[in-house]
Amino acid sequence: MDEARRAGQAERDTRGLLGHSGLDTSNTAMFSEQAAQRAHTLLSPPAVTSATFARVPVAMYTNTSQPFRLGERSFSRQYAHIYATRLVQMRPFLVSQAQRHWGSGVQIRQLCELQPGEKCCVVGTLFKAMPLQPSILREVSEEHNLLPQPPRSKYIHPDDELILEDELQRIKLEGTIDVSQLVTGTVLAVLGSVREDGKFQVEDHCFAGLALQQPTPALDTDRFVLLVSGLGLGSGGGESLLGTQLLVDMMTGQLGDEGEQCSAAHISRVILAGNLLSHSTQGRDSINKAKYLTKKTQAASVEAIKMLDEILLQLSASVPVDVMPGEFDPTNYTLPQQPLHPCMFPLATAYSTLQLVTNPYQATIDGVRFLGTSGQNVRDIFRYSSMEDHLEILEWTLRVRHLSPTAPDTLGCYPFYKIDPFILLECPHVYFCGNTPSFGSKIFQGPEGQRVLLVAVPDFSTTQTACLVNLRSLACQPISFSGFGAEEEDLEGLGLGP
């Protein structure tokens with residue numbers, strides 16, 4: 001009797017690991033619904049032959065992240081070049097959008113051509129003067145005797161000012177424009193006139209708008225892509241390791257009954273969106289210690305990388321895996337982050353299904369265009385604007401047609417000078433950011449028929465939650481691994497219940 005009760009509890013627990021979704025999928029089935037369609041087999045007698053399920057193959061895959069790959073690197077150039085290049089590349093988009101908004105007869109002027117009182121449109125790059133913005137010069141200044149600024153979640157202030165710059169001049173903006181929402185590096189068009197005091201009175205403004213989008217192909221079956229971020233290996237948290245192993249077991253078909261295993265076989269690809277290692281593996285304290293104190297010590301990241309190699313070995317033996325670096329991973333700090341070096345994964349690199357990719361990362365999977373980052377760009381915009389929701393920030397970056405406008409001002413990036421690779425030349429179908437505090441997803445409809453699934457992929461080490469994207473319907477649902485034994489009330493507390 002006890003064995004039957006334990007087996008029944010195990011079946012309920014396994015089903016509890018599959019997330020619930022409130023999305024309308026009409027004639028397509030979500031992951032958990034597919035699993036529930038099959039008869040329960042955990043309490044059934046063993047079959048003569050064990051069931052096997054073939055992994056749904058990826059019919060077409062193209063990695064389009066080449067613009068984010070760096071060849072010969074040179075840091076001798078000034079960062080002014082990337083702003084100039086950004087403005088030159090985006091000016092045609094802004095002029096077209098301005099004429100669409102305010103009529104084809106609107107006067108497009110440069111700052112040097114402005115006349116007081118003349119109503120016109122100006123295209124330029126924003127600079128946001130922020131008194132609370134951290135400054136290393138201010139911190140090391142001895143003559144002011146300033147105390148270090150306390151850490152803040154946001155640096156916006158009522159005294160913030162907007163300044164518009166083009167190739168030759170700059171001018172302060174005032175009027176009907178939301179200073180708190182905008183950030184430095186945004187290219188936009190403003191409509192208004194110059195006042196007698198030399199400031200530009202803004203009447204309206206517009207962004208470049210969404211890029212054109214390729215149509216999605218009609219898929220005959222449901223197939224899923226699993227998005228995971230923030231494994232946080234090396235932190236020492238047992239709950240995180242348990243959730244990670246449950247995730248691996250689900251992907252390799254070792255978790256649940258035949259219903260769950262059949263559904264897991266419909267996952268055609270896994271994308272790991274950065275922060276594979278924990279912040280605690282950085283080991284910055286050892287830099288300040290004497291060498292004889294750290295001579296025989298091993299960096300915390302070494303053991304974490306070995307653990308990651310074993311996890312990737314299990315995953316890549318069963319399913320194609322794309323590995324993006326993140327803020328705490330052993331690669332370059334500035335965007336775009338280059339792929340992790342394959343020599344760190346001697347076990348997993350034996351499989352061709354393992355692909356080490358850049359951050360940001362873009363690819364076309366069965367005709368569906370994915371674009372995403374490990375979250376640094378969204379977190380930086382969050383700090384320097386009034387926008388609170390990660391999905392709102394993702395939508396806003398689509399509107400301004402730029403992946404990371406705050407780089408290189410408050411977010412490190414490579415000093416490009418010929419092109420700005422962060423400009424969105426094509427609208428994605430799935431747009432995600434990793435390492436967010438909680439899960440979120442929404443469908444964003446563009447003015448020209450664009451349909452984009454926005455996904456905030458939660459930090460797995462704290463939420464034990466991953467995301468499943470249905471390539472057929474562009475629906476998204478969370479899947480929770482919060483503990484073997486999670487009841488309905490536990491899932492409801494995470495916002496994942498029915």
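Which residue in β6 does Val123 stand opposite? In this predicted model, Val123 stands opposite Ala189 in β6, and the legends below begin with that strand before moving to other close-up views.

**View 1. Strand β6 is joined to β3 and to β7.**
Strand β6, made of residues 187–194, is mostly covered, since 8 of its 8 residues are buried. Strand β3 (residues 120–129) runs antiparallel to β6, and 6 bridges join the two; the facing residues Val123 and Ala189 belong to this view. Strand β7 (residues 200–206) also pairs with β6 in the antiparallel sense, over 6 bridges, and here Val190 stands opposite His205 in β7. β6 and β7 form a hairpin with 5 residues between them, and in its turn Gly198 has a positive phi of about 90°.

**View 2. Leu173 and Phe200 in the largest nonpolar core.**
The largest nonpolar core holds 53 residues, and of these Leu173 and Phe200 touch the most other members. Helix α9 (residues 390–400) gives this core its largest share, 6 residues. When residues up to four places away in sequence are not counted, Leu173 touches Leu126, Leu162, Leu164, Val190, Phe200 and Val202. Apart from this core lies another one, of 36 residues, among them Val228, Met251, Leu277 and Leu354. As general background, nonpolar side chains tend to be buried together in soluble globular proteins.

**View 3. Strand β12 between β1 and β13.**
Strand β12 covers residues 361–365, and 5 of its 5 residues are buried. Tyr361, Ala363 and Ile365 point one way from β12, whereas Gln362 and Thr364 point the other way. Strand β1 (residues 61–63) pairs with β12 in the antiparallel sense over 3 bridges, with Ile365 in β12 as the bridge partner of Tyr61. Strand β13 (residues 368–373) pairs with β12 in the antiparallel sense as well, over 5 bridges, and Gln362 stands opposite Leu371 in β13. The hairpin of β12 and β13 has 2 residues between the strands, and Asp366 in this hairpin takes a positive phi near 50°. Tyr61 can also be viewed from its ring: Arg269 lies over the face of Tyr61, at 3.7 Å from the ring centre.

**View 4. The open sheet of 6 strands and helix α9.**
The strands of this open sheet follow the order β1-β12-β13-β14-β16-β15, and their pairing is mixed. Its edge strands are β1 and β15 (440–445), each of which pairs on one side only. Neighbouring strands of the sheet are turned by 20° against each other on average, direction ignored. Strand β14 (residues 430–436) and strand β16 (residues 451–458) run parallel and are joined by 5 bridges, and the bridge partner of Thr436 in β16 is Pro458. Helix α9 packs on the sheet and touches β14, β15 and β16, and the direction of α9 makes about 140° with that of β16.

**View 5. The surroundings of helix α9.**
Helix α9 is mostly covered, with 9 of its 11 residues buried. The buried residues include nonpolar ones such as Leu391, Ile393 and Val400, and also His390, Glu395 and Thr397. What covers the buried residues of α9 includes α3 (80–102) and α8 (376–383), together with β14, β15 and β16. Arg401 follows α9, and its phi is positive, near 60°.

**View 6. Aromatic pairs and a charge over a ring.**
A search of the whole structure finds 7 aromatic pairs. One of them is formed by Phe207 and Trp396, an edge-to-face pair with 6.1 Å from centre to centre and 80° between the planes. Phe207 lies in the loop between β7 and β8 (224–228) and Trp396 lies in helix α9, so the pair ties together parts that are 189 residues apart in sequence. Phe207 is buried, and so is Trp396. Phe460 and Phe481 form a pair that is tilted, at 6.2 Å centre to centre and with 50° between the planes. This pair links Phe460 in helix α10 (residues 460–463) with Phe481 in the loop between β18 (476–480) and α11 (488–493), 21 residues apart, and both Phe460 and Phe481 are buried. Elsewhere, Phe68, Phe75, Tyr414, Phe416 and Phe422 form one aromatic cluster, while the charged end of Lys154 sits over the ring of Phe382, 3.8 Å from its centre.

Conventions. Residues numbered from 1 in each chain as written. Predicted model: local features only at pLDDT ≥ 70, side-chain atom pairs only at ≥ 80, totals over all residues. Heavy atoms only, no water. Buried < 20%, exposed > 50% of the residue type's maximum accessible area, 1.4 Å probe, protein only. Helix = DSSP H or I, 4+ residues; strand = E, 2+ residues; numbered from the N terminus. Pairing = 2+ DSSP bridges. Core = buried A, V, L, I, M, F, W, Y, C linked by side-chain atoms within 4.5 Å. Contact = heavy atoms within 4.5 Å. Axes fitted to C-alpha atoms, helices over the stretch in contact; angles between N-to-C directions. Phe/Tyr/Trp six-rings, centres within 6.5 Å; stacked < 30°, edge-to-face > 60°. Lys NZ or Arg CZ within 6 Å of the ring centre and 35° of its normal.
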